[in-house]
Amino acid sequence: LATQVPSNFDATAHTLMRDLAGSTSWRGKFTHEVREWHVHELAFYYDVLAPLAGRVDVWTTEYIHVMPDAEAIVEWYRGSGLRPFLDALVTDADRLRFAAEYLDLIRKAFSARADGRILFPFRRLFVVAYQQSDAR
């Protein structure tokens, strides 16, 4: 078994979403509790798989994505981490305003390089479990 999943729930881009949603101007605007995706800590996957496998390798890697601008970061999250927040808002106007305020926070949190691009860290968790050998 080999798998990889995002492991950046505590990253700046995600904390900004939660902070914005929890702010006084947004707190009462959501139709239901926002259910964010999550990933367990690395040790959880090891503990689940180790009794069933001959060997388990687990590690995290932080990739640095070169993003063209802050808008690209928001667009990236529009289909993943930002989606539960946007889906929980009633009107398109609220969705647009939330995304615009989030974009403003992203711009402040991630400085553009001299060429205008943003170095955007993104951590992933990898797990590889190997079959137990029956040979004795």
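Glu71 is partly exposed, at 36% relative accessibility. Partly exposed covers the range between buried, under 20% relative accessible area, and exposed, over 50%, using a 1.4 Å probe and protein chains only. The model is predicted: local features need pLDDT of at least 70, side-chain atom pairs count only at pLDDT 80 or more, and totals for chains, interfaces and linings use all residues. Residues are numbered from 1 along each chain as its sequence is written, and side-chain values use heavy atoms, without hydrogens and water.

**Salt bridges**

Side chains of opposite charge can pair when their charged atoms come close. A salt bridge here is a side-chain nitrogen of Lys or Arg within 4 Å of a carboxyl oxygen of Asp or Glu. The count by this rule is 8 salt bridges. Glu71 takes part in one of them, with Arg107, at 2.3 Å from N to O. This pair links distant parts of the chain: Glu71 sits in helix H3 and Arg107 in helix H5, 36 residues apart. Arg107 is partly exposed, at 44% relative accessibility. Helices are DSSP runs of H or I with at least four residues, strands are runs of E with at least two, and both are numbered from the N terminus.

The table lists three of the salt bridges.

| Acidic residue | Basic residue | Closest N and O atoms |
|---|---|---|
| Glu71 | Arg107 | 2.3 Å |
| Asp92 | Arg95 | 2.6 Å |
| Asp115 | Arg117 | 3.2 Å |

Asp92 and Arg95 both belong to helix H5. They are 3 residues apart, about one turn of the helix. Asp92 is exposed, with a relative accessible area of 56%. Arg95 is partly exposed, at 24%. In the third pair, Asp115 is exposed at 52%, while Arg117 is partly exposed at 42%.

**Helices H3 and H5**

H3 spans residues 70–78. Asp69 caps its N-terminal end: a side-chain oxygen of Asp69 lies 3.3 Å from the backbone nitrogen of Glu71. The buried residues of H3 are Ala70, Ala72, Ile73, Val74 and Tyr77. Their cover includes H1, strand S2 (55–67), H4, H5 and S3.

H5 runs over residues 92–109 and has 18 residues. From first C-alpha to last, H5 reaches 25 Å, close to the 26 Å expected at 1.5 Å a residue. The expected span is 1.5 Å times one less than the number of residues. Buried in H5 are Asp94, Phe98, Ala99, Tyr102, Leu103 and Ile106. Among the elements that cover them are H1, H3 and helix H4 (83–87).

**Two buried loop residues**

Asn8 lies in the loop between strand S1 (2–6) and helix H1 (12–22). Asn8 is buried, with a relative accessible area of 2%. The side chain of Asn8 makes a polar contact with the side chain of Tyr77, at 3.0 Å. A polar contact is a pair of N or O atoms within 3.5 Å; within protein, one must be able to donate a hydrogen and the other to accept it, and residues adjacent in sequence count only if both atoms are side-chain atoms. Tyr77 is itself one of the buried residues of H3. Leaving aside neighbours within four places in sequence, Asn8 is in contact with His14, Trp37, Tyr77, Phe122 and Arg123. Contact means heavy atoms within 4.5 Å.

Gly81 is in the loop between H3 and H4. Gly81 is buried, with a relative accessible area of 2%. Not counting residues up to four places away in sequence, Gly81 touches His14, Met17 and Trp37. The C-alpha atoms of Gly81 and Ala129 are 27 Å apart, with their positions 48 residues apart along the chain.

**Surface and the H5–S3 loop**

Arg113 is found in the loop between H5 and S3. Arg113 is partly exposed, with a relative accessible area of 48%. Arg113 and Leu125 are 12 residues apart in sequence and 27 Å apart in space, C-alpha to C-alpha.

Leu119 lies in strand S3 (residues 118–130). Leu119 is partly exposed, at 43% relative accessibility. Together with Ile64 and Val66, Leu119 forms a nonpolar patch on the surface, with about 270 Å² of accessible area in total. Patches are made of residues with over 30% relative accessible area and no salt bridge; like charges are joined within 9 Å, nonpolar side chains (Val, Leu, Ile, Met, Phe, Trp, Tyr) within 5 Å. Accessible areas come from the Shrake-Rupley method with a 1.4 Å probe, and for residues only the protein chains shown count as cover.
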